[in-house]
Amino acid sequence: MSETAQRPVTETVDAFHYGRFHLVQPKGIGHRSGMDAMLLAALVAGDGPMRVADLGAGAGAAGLAVAARIEKAEVLLVERSPLMAGFARKTLALPQNAAFAPRVSVLEADVGLSGKARLEAGLVDDAYDHVIMNPPFNDRIDSRTPDALKAEAHAMEHDLFERWIKTAGAIMRPGGQLSLIARPQSIAEIIAACGRRFGGIEITALHARDGEPALRILVTAIKSSRTKLALRMPLVMHEPGRHDFTPFVNDLNNGLTAYSRLPRS
């Protein structure tokens, strides 16, 4: 019997970006979105027309954050869990999201599909300017939650980055941008998965405070680029002795600015 069949699923409606968009999320099961999704969305820069695919979108937080901030962005939320895809659809039906909901769609599909199966699922070649992803990044041995849906959202499968980044490369147009957020220990797998598909990799370490180990890495890369990898200045979330975010991190978290790529000659 599934988790949802065993007990009713309660939900919350949560405001993001100072109320510019709202998200319907499950309470007590599954993954609940927060700052990771907002920082991922901030990696998409620009104000012109663009097509964006959010892989493993869950309830859609990151993709919706892009749509709410960039008026000409069309966003596809790709999620294999019918329950979480259902929450994304509930989110798009909220009156608070009416301004951008017509530019967002939901596709139930497994990001790890390849070849003909991927095409038949609706993930077509060379269609997107940006692909964003917040993959599950805990090792299976570290994922001890009894909530099967949450475990699936958080626990990394074998070769996950290889399979997801392969899909990103297939559905993205040449010159398009891949953006992802992950744990620092995944850096080697991410670089290897980019391989010859993506170049111009930029990596930013995210630290809670100066002197503390990085909690996350923000990664962007460009399809078919041959530009060399760059390590960017680290981002520090909090000032010494304070709990609120630094002004720049707060702006990223609340959709007031984007984290643009470095200018390249």
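A crossing is left-handed if the near helix is turned anticlockwise from the far one by less than a right angle, and right-handed if clockwise. Keep that in mind for the first exercise.

The model here is predicted, so local features need pLDDT of at least 70 and side-chain atom pairs count only at pLDDT 80 or more, while totals for chains, interfaces and linings use all residues. Residues are numbered from 1 along each chain as its sequence is written, and side-chain values use heavy atoms, with hydrogens and water left out.

**Exercise 1. Describe how H2 and H3 pack, and say whether H2 is enclosed or open.**

Step 1: find the helices. Helices (H or I, at least four residues) and strands (E, at least two) are DSSP runs, numbered from the N terminus. H2 covers 35–42 and H3 covers 61–69.

Step 2: get the geometry. Two packed helices are described by the angle between their axes and the distance between the axes. Here the axes of H2 and H3 come within 8 Å and cross at roughly 45°. Axes are lines fitted to C-alpha atoms, for helices over the stretch in contact, and angles run from 0 to 180 degrees between N-to-C directions.

Step 3: name the arrangement. Angles under 35 degrees count as roughly parallel, over 145 as roughly antiparallel, 65 to 115 as roughly perpendicular and the rest as oblique. H2 and H3 are therefore oblique to each other. As for handedness, H2 passes H3 in a right-handed crossing.

Step 4: list who meets whom. From H2 come Ala37, Met38, Leu40, Ala41 and Ala42, and they meet Ala61, Ala62, Ala65, Val66 and Arg69 of H3. Contact means heavy atoms within 4.5 Å.

Step 5: check burial. Buried means under 20% relative accessible area, exposed over 50%, partly exposed in between (1.4 Å probe, protein chains only). Eight of the eight residues of H2 are buried, so H2 is largely enclosed by the rest of the structure. Among them are Met35, Asp36 and Leu39.

**Exercise 2. Work out which elements build the largest nonpolar core, then look around Val75 and Leu77.**

Step 1: recall the term. A nonpolar core is a set of buried Ala, Val, Leu, Ile, Met, Phe, Trp, Tyr and Cys residues joined through side-chain atoms within 4.5 Å.

Step 2: size it up. The largest core has 47 residues, and Phe21, Leu64, Val66, Val75, Leu77 and Val104 have the most contacts inside it. At least two residues each come from strands E2 (21–27), E3 (50–55), E4 (73–78) and E5 (104–107), and from helices H2, H3, H4 (82–93) and H9 (247–253). There's also a second, separate core of 31 residues, including Leu123, Ala127, Ala168 and Ala193.

Step 3: zoom in on Val75. It sits in strand E4 and counts as buried at 3% relative accessibility. Leaving out residues up to four places away in sequence, Val75 touches Val52, Gly63, Val66, Ala67, Arg103, Val104 and Ser105.

Step 4: do the same for Leu77. Its contacts, with neighbours within four places in sequence set aside, include Asp54, Leu64, Ala88, Val104 and Leu107.

**Exercise 3. Find the salt bridges that tie together distant parts of the chain.**

Step 1: set the rule. A salt bridge is a side-chain nitrogen of Lys or Arg within 4 Å of a carboxyl oxygen of Asp or Glu. The whole structure holds 12 of them.

Step 2: take Arg80 and Asp110. Their closest N and O atoms are 3.6 Å apart. Arg80 is in the loop between E4 and H4, and Asp110, 30 residues apart from it, is in the loop between E5 and helix H5. Arg80 is partly exposed at 36%, and so is Asp110 at 27%.

Step 3: take Glu108 and Arg89. The closest N and O atoms are 3.0 Å apart. This pair, 19 residues apart, joins the loop between E5 and H5 to helix H4.

Step 4: take Arg173 and Asp129, whose N to O distance is 2.4 Å. Arg173 belongs to strand E7 and Asp129 to strand E6, 44 residues apart.

**Exercise 4. Which residues share a salt-bridge network with Glu202, and is Glu202 buried or exposed?**

Step 1: the network joins Glu202, Arg232 and Arg261 through shared partners.

Step 2: Glu202 lies in strand E8 and is buried, with a relative accessible area of 1%.

Step 3: beyond four places in sequence, Glu202 also touches Leu218, Val219 and Thr220, among others.
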